[in-house]
Amino acid sequence: MKRTIVMFVVSALVVASLALWALKGHIAGNAGQMIMVGTSLVIVGFAVYLGILRLRSHRLHEPVEDELSKKIMLRASSLAFYVSLYLWVFVMYISDKTTLEAHSLVGAGILGMAVVFLLCWIGVRTFGMKNE
């Protein structure tokens with residue numbers, strides 16, 4: 001139950017920091033910033049979805065993480081790890097070709113890793129695990 005509460009607290013902190021940045025920061029409104037905000041909100045939505053699933057399981061007195069959900073999470077995380085390695089190779093390649101600052105590329109790589117995990121989790125949950 002503590003992990004579920006932490007998921008909601010971290011999600012609320014991310015949304016609050018995005019709102020504070022939007023109100024007090026210097027927003028240019030360009031496509032890069034909109035993509036960053038949209039991607040962050042998608043990741044927060046994923047965390048809230050997982051938190052709601054955990055709360056529902058807790059309310060129904062079911063185990064929060066059963067064997068299947070643990071196996072899905074393990075399979076998705078291992079697949080996302082391998083895909084993220086190629087993502088970082090792409091980020092290293094693109095860093096020589098663009099004039100973006102290093103901290104922007106690192107931030108984009110971290111957000112990309114979160115999106116890769118989300119897509120892997122959706123794929124493993126939708127299509128199932130092969131050879132198991």
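The paragraphs below lead through a predicted model of a single chain, from its overall build to its core, its two largest pockets and a few individual residues.

The secondary structure of this chain consists of four helices and zero strands, so that, read from the N terminus, the order of elements is α-α-α-α. Helix α1 covers residues 2-24, α2 covers 31-59, α3 covers 67-97 and α4 covers 102-127. Along the principal axes, the C-alpha atoms occupy a box of roughly 50 × 40 × 20 Å. Among the contacts in the chain with a separation of 6 or more, 73% are made by residues 24 or more positions apart. The chain has 132 residues, and 21% of them count as buried. Its exposed area comes to about 9,600 Å², of which carbon and sulfur atoms supply 70%.

From these totals one can turn to the interior. The largest nonpolar core contains 13 residues, and the members that touch the most other members are F46, L50, I72, A76, C120, W121 and V124. Helices α2, α3 and α4 each bring at least two residues to this core, and α4 gives the most, with five residues. C120 offers one view of how the core is joined: once residues up to four places away in sequence are set aside, C120 touches A76, L79 and A80.

The open spaces of the model come next. A probe the size of a water molecule, rolled over the atoms, shows where empty space is left. The largest pocket holds about 720 Å³ of space, and its lining is made of 30 residues, with L50, L53, R54, M73 and W121 lying nearest its centre. L50 and W121 thus appear in two settings, for they are named among the core residues that touch the most other members and are also among the lining residues nearest the centre of the largest pocket. Each of the helices α1, α2, α3 and α4 supplies at least two residues of this lining, although α2 gives the most, with 10 residues. Sorted by class, the lining of the largest pocket comprises 18 nonpolar, four polar and eight charged residues.

The second largest pocket has a volume of about 470 Å³. It is lined by 17 residues, and those nearest its centre are G32, M36, S104, A108 and L111. Two or more residues of this lining come from each of α2, α3 and α4, and here α4 gives the most, with eight residues. The class division of the lining of the second largest pocket is eight nonpolar and nine polar residues, with no charged ones.

Two residues of helix α2 show how polar side chains can fall on the buried side of the 20% limit. S40 lies in helix α2 and counts as buried because its relative accessibility is 14%, which is under 20%. Leaving aside neighbours within four places in sequence, S40 is in contact with L18 and L111; L111 is also one of the residues nearest the centre of the second largest pocket. Q33 is likewise found in helix α2, and it counts as buried because its relative accessible area is 18%, again under the 20% limit. With its neighbours within four places in sequence left aside, Q33 is in contact with W21, H26, I27 and A28.

Two further residues lie at the other end of the accessibility scale. K2 is found in helix α1 and is exposed because its relative accessible area is 72%, a value over the 50% limit. The C-alpha atoms of K2 and R56 are 14 Å apart in space, while the two residues are 54 residues apart in sequence. H61, by contrast, belongs to the loop between α2 and α3, and it counts as exposed because its relative accessibility is 74%, also over 50%. The backbone of H61 deserves a careful look as well, since H61 has a positive phi of about 60° although it is not a glycine.

Key
Residues numbered from 1 in each chain as written. Predicted model: local features only at pLDDT ≥ 70, side-chain atom pairs only at ≥ 80, totals over all residues. Heavy atoms only, no water. 1 Å grid on protein atoms, 1.4 Å probe; cavity = no way out; pocket = protein on both sides within 12 Å on 5 of 7 lines; lining within 4 Å. Points joined across faces, edges and corners; volume = space filled by probe spheres on them. Nonpolar A, V, L, I, M, F, W, Y, C, P; charged D, E, K, R; others polar. Buried < 20%, exposed > 50% of the residue type's maximum accessible area, 1.4 Å probe, protein only. Contact = heavy atoms within 4.5 Å. Areas by Shrake-Rupley, 256 points an atom, 1.4 Å probe, with all protein chains shown as cover. Core = buried A, V, L, I, M, F, W, Y, C linked by side-chain atoms within 4.5 Å.
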